[in-house]
Amino acid sequence: SDPKLIKFMRELHEKKSQAMAGKTWTTEVYDENKVDMAAPKMRPKPPAPSPSRLVFFSWWFEEGVKKYIELRYDMVGKIFQIIL
């Protein structure tokens, strides 16, 4: 009835047809009407780097005085340090 609405609906239908004709997604529908839901093939994540040194830093109050401690462990040399 409204020419603008008819034109809009026609353009919408044409855009949908063009999008369906040039589909770029990876999900495929097979003859048995089953959908392939497998994840897309991607490169594996690189392994996380192994740490060579672990450091822990903390503080606390003792008798109104703020005390600090730092613990270090060198995994290569197997050296443990405590710094007060």
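Helices (H or I, at least four residues) and strands (E, at least two) are DSSP runs, numbered from the N terminus. Two strands pair if DSSP finds at least two bridges between them.

The model is predicted: local features need pLDDT of at least 70, side-chain atom pairs count only at pLDDT 80 or more, and totals for chains, interfaces and linings use all residues. Residues are numbered from 1 along each chain as its sequence is written, and side-chain values use heavy atoms, with hydrogens and water left out.

**Exercise 1. Lay out the chain and its sheet.**

Task: State which elements the chain holds and give the strand order of the sheet.

Solution.
- Step 1. The chain has one helix and three strands.
- Step 2. Along the sequence they follow the pattern α-β-β-β.
- Step 3. The three strands form an open sheet in the order S1-S2-S3, with antiparallel pairing.
- Step 4. Strand S1 (53-62) and strand S3 (79-83) are the edge strands, as each pairs on one side only.
- Step 5. From one strand to the next, the twist averages 10 degrees. Axes here are lines fitted to C-alpha atoms, for helices over the stretch in contact; angles run from 0 to 180 degrees between N-to-C directions.

**Exercise 2. Examine the hairpin of S2 and S3.**

Task: Find the bridges, one facing pair of residues, and the residue with a positive phi.

Solution.
- Step 1. Strand S2 (residues 65-74) pairs with S3 in the antiparallel sense over five bridges.
- Step 2. Arg72 stands opposite Gln81 in S3.
- Step 3. Four residues lie between the strands of this hairpin, and Lys78 takes a positive phi near 55 degrees.
- Step 4. Lys78 is exposed, with a relative accessible area of 65%. Buried means under 20% relative accessible area, exposed over 50%, and partly exposed in between (1.4 Å probe, protein chains only).

**Exercise 3. Turn to the loop between S1 and S2.**

Task: Which residue in this loop has a positive phi, and is that residue buried or exposed?

Solution.
- Step 1. Most residues other than glycine have a negative phi.
- Step 2. Glu63 lies in the loop between S1 and S2. Its phi is near 55 degrees, a positive value in a residue other than glycine.
- Step 3. Glu63 is exposed, with a relative accessible area of 81%.

**Exercise 4. Describe the surroundings of Trp59.**

Task: Classify the pair of Trp59 and Phe61, then place Lys66.

Solution.
- Step 1. The structure holds three aromatic pairs. The ring centres of Trp59 and Phe61 are 5.6 Å apart and their planes stand at 85 degrees, so this pair is edge-to-face.
- Step 2. The cut-offs: rings of Phe, Tyr and Trp (its six-membered ring) pair if their centres lie within 6.5 Å; planes under 30 degrees apart count as stacked, over 60 as edge-to-face and the rest as tilted.
- Step 3. Trp59 is partly exposed, at a relative accessible area of 44%, and Phe61 is exposed, at 55%.
- Step 4. Lys66 lies over the face of Trp59, at 4.1 Å from the ring centre. A charge sits over a ring if NZ of Lys or CZ of Arg is within 6 Å of the ring centre and within 35 degrees of the ring normal.

**Exercise 5. Assess burial over the chain.**

Task: What share of the residues counts as buried?

Solution.
- Step 1. Of the 84 residues, 2% count as buried.
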